[in-house]
Amino acid sequence: MQEAIKRWQAVSPESIGVAVSGSEGPGVLTWWLVETRGPSGEHRATVLPLGVSDDGKRNSRLERLGASVFTRTGHVNGTTASARKALLHEKVEPMLEREL
C-alpha cells in the first residue's frame, strides 16, 4: 500500500484521471490520503474514497468500485478542465471537509 501511495503522490494531479462508463451513473471518483496525529503522538493514515455525481451529490455506488474502475471501458467525457476544477473545489473538497 505504501508503495502505491508513493507512486501516485509522485504524479501531478493534472496527469491523473480516467473517464469510464458504467451503471453507477456519470460522476467522479476520488481518493484522499488522510493522515491524523493524536496528542500523544499516535499516527493514523486512511485512504478515503469520495464518489460524486455530475450534479454534485455523493455517490456511494462509485465509492464501492475501488480500483476496479481502471479495468473498465473508456468513455469520452466532454467535460471541460474548468468544469472539472469547479466540481473539485465547489463540491468534492467541501464534501471531504464534512466527512472529516
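Is E63 buried or exposed at 15% relative accessibility? E63 counts as buried at that value, where buried means under 20% relative accessible area, exposed over 50%, and partly exposed in between (1.4 Å probe, protein chains only). The model is predicted: local features need pLDDT of at least 70, side-chain atom pairs count only at pLDDT 80 or more, and totals for chains, interfaces and linings use all residues. Residues are numbered from 1 along each chain as its sequence is written, and side-chain values use heavy atoms, with hydrogens and water left out.

**Salt bridges around R58**

A search of the whole structure finds two salt bridges. A salt bridge here is a side-chain nitrogen of Lys or Arg within 4 Å of a carboxyl oxygen of Asp or Glu. Side chains of opposite charge can pair when their charged atoms come close. The table gives the two pairs.

| Pair | Closest N to O |
|---|---|
| R58 and E63 | 2.6 Å |
| R58 and E99 | 2.7 Å |

R58 lies in the loop between strand 2 (43-53) and helix 2 (60-63), and E99 lies in helix 3 (residues 81-99), so this pair ties together parts that are 41 residues apart in sequence. Salt bridges that share partners join R58, E63 and E99 into one network. Helices (H or I, at least four residues) and strands (E, at least two) are DSSP runs, numbered from the N terminus.

R58 is partly exposed, with a relative accessible area of 39%. E99 is also partly exposed, and its relative accessible area is 39%. Both pairings of R58 appear as polar contacts too: one with the side chain of E63 at 2.6 Å, and one with the side chain of E99 at 2.7 Å. A polar contact is a pair of N or O atoms within 3.5 Å; within protein, one must be able to donate a hydrogen and the other to accept it, and residues adjacent in sequence count only if both atoms are side-chain atoms.

Not counting residues up to four places away in sequence, R58 touches P49, L50, G51, E63, M95 and E99. Contact means heavy atoms within 4.5 Å. The C-alpha atoms of R58 and E90, which are 32 residues apart along the chain, are separated by 13 Å.

**The nonpolar core**

Which residues make up the largest nonpolar core? Its eight residues are V34, L48, L50, V52, L87, V92, M95 and L96. Such a core is a set of buried Ala, Val, Leu, Ile, Met, Phe, Trp, Tyr and Cys residues joined through side-chain atoms within 4.5 Å. Strand 2 and helix 3 are the elements that give two or more residues to this core. Helix 3 provides the largest share, four residues.

With residues up to four places away in sequence left out, V52 touches G27, V28, K57, N59, L62, L87, V92 and M95.

**E24 and a surface patch**

E24 lies in the loop between helix 1 (2-9) and strand 1 (27-37). E24 is buried, with a relative accessible area of 14%. Leaving aside neighbours within four places in sequence, E24 is in contact with N59, R61, L62, L65 and R72.

On the surface, M1, W31, L33, V47 and F70 make a nonpolar patch of about 500 Å². Patches are made of residues with over 30% relative accessible area and no salt bridge: like charges are joined within 9 Å, and nonpolar side chains (Val, Leu, Ile, Met, Phe, Trp, Tyr) within 5 Å. Accessible areas come from the Shrake-Rupley method with a 1.4 Å probe; for residues, only the protein chains shown count as cover. V47 is found in strand 2 and is partly exposed, at a relative accessible area of 34%.
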